[in-house]
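Some points on this entry follow, set out in the order in which I would go through them. Please read them beside the coordinates.

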Amino acid sequence: MEWKTIEVDTFKFFDDTDYADYRLYSEKGFTREDLDKIAAIDGVDRATRYLSVNLDPLL
């Protein structure tokens with residue numbers, strides 16, 4: 001029973017918040033062409049590129 005509740009709650013969270021179902025990572029980044037190919041996949045509603053940088057606050 002608990003696993004079913006977790007499944008239902010998780011899917012509800014994704015639906016309610018539009019949080020990404022999948023995230024793709026690349027150390028080299030994605031080109032505009034890569035983004036267009038991903039967006040063209042059946043079932044993909046939206047695709048975006050973003051930059052995430054880890055910083056050391058002591059530097």
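1. The lining of the largest pocket contains 14 nonpolar, five polar and 10 charged residues. The model is a predicted one, and the pocket described here is therefore a feature of a prediction.

2. The volume of this largest pocket comes to about 1,100 Å³. It is lined by 29 residues, and those closest to the pocket centre are Ala 20, Tyr 22, Arg 23, Arg 46 and Thr 48. Two helices take part in the lining: H1 (2-17) and H2 (32-39) each contribute at least two residues.

3. Helix H1 is 16 residues long, and its first and last C-alpha atoms are 22 Å apart. That is close to the 22 Å expected at 1.5 Å a residue. After H1 comes Asp 18, which has a positive phi, near 60 degrees.

4. How many salt bridges does a search of the whole structure find? The search gives three. They are taken in turn below.

5. In helix H1, the side chains of Lys 12 and Asp 16 form a salt bridge, with an N to O distance of 2.5 Å. The two residues are four apart in H1, about one turn of the helix. Asp 16 has 53% relative accessibility and so counts as exposed, the cut-off being over 50%. Lys 12, at 47%, falls under that cut-off and is therefore classed as partly exposed.

6. Helix H2 holds the pair Arg 32 and Asp 36, four residues apart and therefore separated by about one helical turn. Their closest N and O atoms are 3.7 Å apart, and the pair counts as a salt bridge because the limit is 4 Å. Asp 36 is partly exposed, with 41% relative accessibility.

7. Glu 33 and Lys 37 form another salt bridge, with 3.3 Å between the closest N and O atoms. This pair also lies in H2, and its members are four residues apart, so about one helical turn separates them. Are Glu 33 and Lys 37 buried or exposed? Both are exposed.

8. A general remark applies to the spacing in these pairs. An α-helix has 3.6 residues a turn, so residues three or four places apart point the same way. In this model the spacing is four residues for Lys 12 and Asp 16 in H1, for Arg 32 and Asp 36 in H2, and for Glu 33 and Lys 37 in H2.

Technical notes:
Residues numbered from 1 in each chain as written. Predicted model: local features only at pLDDT ≥ 70, side-chain atom pairs only at ≥ 80, totals over all residues. Heavy atoms only, no water. 1 Å grid on protein atoms, 1.4 Å probe; cavity = no way out; pocket = protein on both sides within 12 Å on 5 of 7 lines; lining within 4 Å. Points joined across faces, edges and corners; volume = space filled by probe spheres on them. Nonpolar A, V, L, I, M, F, W, Y, C, P; charged D, E, K, R; others polar. Buried < 20%, exposed > 50% of the residue type's maximum accessible area, 1.4 Å probe, protein only. Expected span 1.5 Å × (residues − 1).
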